[in-house]
Amino acid sequence: MTEFLTAPRSIRSVLIANRGEIACRIFRTCRRLGLRSVAVYSDADAGAQHVAQADEACRIGPSPAGDSYLKIDAILDAARASGADAIHPGYGFLSENPAFVRAVEAAGLIFVGPDSHAVETMGSKIAARRVARGAGVPIVPGFDGADATDADLAQAAAEIGYPVLVKASAGGGGRGMRRASGPDDLPQALASARSEAASAFGDATVFLEKLIQDPRHLEVQIFGDGAGGVLHFHERDCSVQRNHQKVIEEAPAPNLPDAVRQALFDHATKLASAIGYAGAGTVEFVMQAGDDSPYFLEMNTRLQVEHPVTEAICGVDLVEWQLRQAAGLPLPLRQDQIRPKGHAIEIRINAERPEAGFLPATGKVAAFDTPPGLRLDTGVAAGSDVSSHYDSMLAKLIAHGPDRDAALARLADGVAGTVLDGVGSNLGFLADCLDAPAFRRGEATTGFLAETFPEGWQPDPVRLLRLRGQAAMALLTASGQGADRKDGFRVGGRCMPGRAPVQIEDDYGSAEIVLHFGREPAVSEGENTIPLGAPPAGLTLRDGTAHAADGGLSIAMTLRPLAEARMAAPSAGSAQGVVLAPLTGLITDVLVTEGEIVAKGQPLLVMEAMKLVHTLTAPHDGKIARLTASAGSSVAVKTVLVEVEETD
């Protein structure tokens, strides 16, 4: 603390203009350095972990990010009210907004990050390409001419050669990006990319890049001193992606020739030096699989989500480095002192349903436990509410080992032993990714998920059936249904039947299964019978529901005797044509009216949740018999939104 008090730019208190996992992670470093931490929160986050962990917390507005975490004035007011000396932006939200950097500096506060010139220059992908070109850094072939018309872009695309990517200059995270496989696709790709870019970033400017098909996504962590000096912390491989969003990251990159590795370092430091970069940043590259020529893609002027794998192999705390640089203190190490050791792999644990097209999930976390020996960066704990207002990422799990095989084994065991109850997650999907042969060989490209799960991911049926059987057996054994049932379904003491057919309901839907009691309990579904084995450690019973987790899969199950379930079942077809809300979220657009005739697949409504847009379509041809949704309204999962009546 003394060092920061006597630094050229004194820092005693840091406000983190962010939420969730990254805010909690920054608090840890502030606490270790003796710096006071200040949280900001919206109404949805009043009870969040980052609020509880800070030394002080300030409300900045209603739940929507546009009314809170993206409100520059509200954050500056919180900084003044709390007496903060510096503001750390984390990642996302305002972290790469040059107007925010200027506003922080104009308020007489310290911005923990690069200056507004660097943020603005590298925040524009077109400007960044031009800086790279001027610095002699190879860029993806493309066209970034100023004030280009559609005709200019069409001519450029023909010269570049299809397929091409239309990309938003101000974009990120895959937003404002569209593929054009041929000239007929280009007009729609341009219109769609511009529309999304204008909505997401307030800038409809687009440019073209040659589509590098099935590439590796590589990046270099750098740190600039602001005077042209730039250090690198080696490279990461972030090739496992879904819709241009990273899923698994690791350092160092596997199976990378030393010559390519050195070229990445040279290109990254040369680019950052060209703009006198100060602070932490990441220079991203793509490289065609089987090739040895990386192309510059973009630069992120902030801390990356995946920074823990770099910290693990280099033995540094990048947030501490950021705070030291912001205070005007010397950097702790020279380049020759930054020596990587071992291997690290990180997974992003998201609140989503991979088996349902990765729909975001919401709810209250009932339990969240991970095995020891791993790094867990998270902003949630038991009791945390997961709302539809923000990004779906709940946590990051990081394993470090002496080599890649050791790190991978530790992480796979960590995923298998993690219990996350109350909110749907992608843990089962992640477990299968880590176990996939291409990933184990270190050969994943950005096409990994499409190649590994060509029909989309679904849980292993045997693993799911066993988990369901174990949960159902525990629920039946504990329920004591009583002796007066008319269907002979009795589970108490000596009256336990040899078999019990039941209908279960859980996170993966409903199923009819049969439990087999005896010395070797088993479960069957259809013709498939498997032994139950020992119940998983992550199995609890609460309020008539069995909560079970094993191998990355997690379920919350209820059940009833099959005969009873069939008697209570509604008549066939009673729910046909009913469109339910697939998740909790906001209705942003209603595209039909009652009485309107629609065709199967026609868009009816648009929903938004966790920064993702979902279009709901008509299940069949017919007439809109009932419409309960309205634009601007919030709806809960499984709410009836539309009824489509079949017509002749």
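Here are four short exercises on the model above, each with a worked solution.

This is a predicted model, in which local features need pLDDT of at least 70, side-chain atom pairs count only at pLDDT 80 or more, and totals for chains, interfaces and linings use all residues. Residues are numbered from 1 along each chain as its sequence is written, and side-chain values use heavy atoms, with hydrogens and water left out.

**Exercise 1. Overall fold**

Work out how the radius of gyration of the protein agrees with that of a compact globule.

*Solution.* Start with the length: for 648 residues, a compact globule would have a radius of gyration near 26 Å. (The radius is taken over C-alpha atoms, and the globule rule is 2.2 Å times the number of residues to the power 0.38.) Next, take the protein's own value, 27 Å, which agrees. Finally, add the burial: 53% of the 648 residues are buried, meaning under 20% relative accessible area, with exposed over 50% and partly exposed in between (1.4 Å probe, protein chains only).

**Exercise 2. A four-stranded sheet**

Find which strands stand at the edges of the open sheet E31-E38-E36-E33.

*Solution.* Begin with the order: the 4 strands run E31-E38-E36-E33, with antiparallel pairing. Strands are DSSP runs of E, at least two residues, numbered from the N terminus, and two of them pair if DSSP finds at least two bridges between them. Then look at the ends: E31 (578-580) and E33 (597-598) each have a single partner strand, so one side of each is left without a neighbour in the sheet. Now zoom in on E31, which 3 bridges join to E38 (residues 640-645). Within this pairing, Leu580 has Val640 of E38 as its bridge partner.

**Exercise 3. The second largest pocket**

Describe what lines the second largest pocket.

*Solution.* First count the lining: 34 residues, of which Arg353, Asp506, Asp507, Val637 and Lys638 lie nearest the centre. Next, sort them by character: 15 are nonpolar, 12 polar and 7 charged. Last, trace the strands: E30 gives the largest share, 6 residues.

**Exercise 4. The surroundings of Gln288**

Decide whether Gln288 is buried, partly exposed or exposed, and list what it touches.

*Solution.* Locate Gln288 in strand E13 (residues 278-288). Its relative accessible area is 29%, so Gln288 is partly exposed. Then list the contacts (heavy atoms within 4.5 Å): leaving out residues up to four places away in sequence, Gln288 touches Ile212, Gln213, Asp214 and Pro215. To finish, note that Gln213 is 75 residues away along the chain, yet its C-alpha atom is 6.9 Å from that of Gln288.

Notes: On a 1 Å grid over the protein atoms alone, a cavity is a set of points where a 1.4 Å probe fits but cannot get out, and a pocket is an open set with protein on both sides within 12 Å along at least five of seven lines; lining residues have an atom within 4 Å of a point. Ala, Val, Leu, Ile, Met, Phe, Trp, Tyr, Cys and Pro count as nonpolar, Asp, Glu, Lys and Arg as charged, and the others, Gly among them, as polar.
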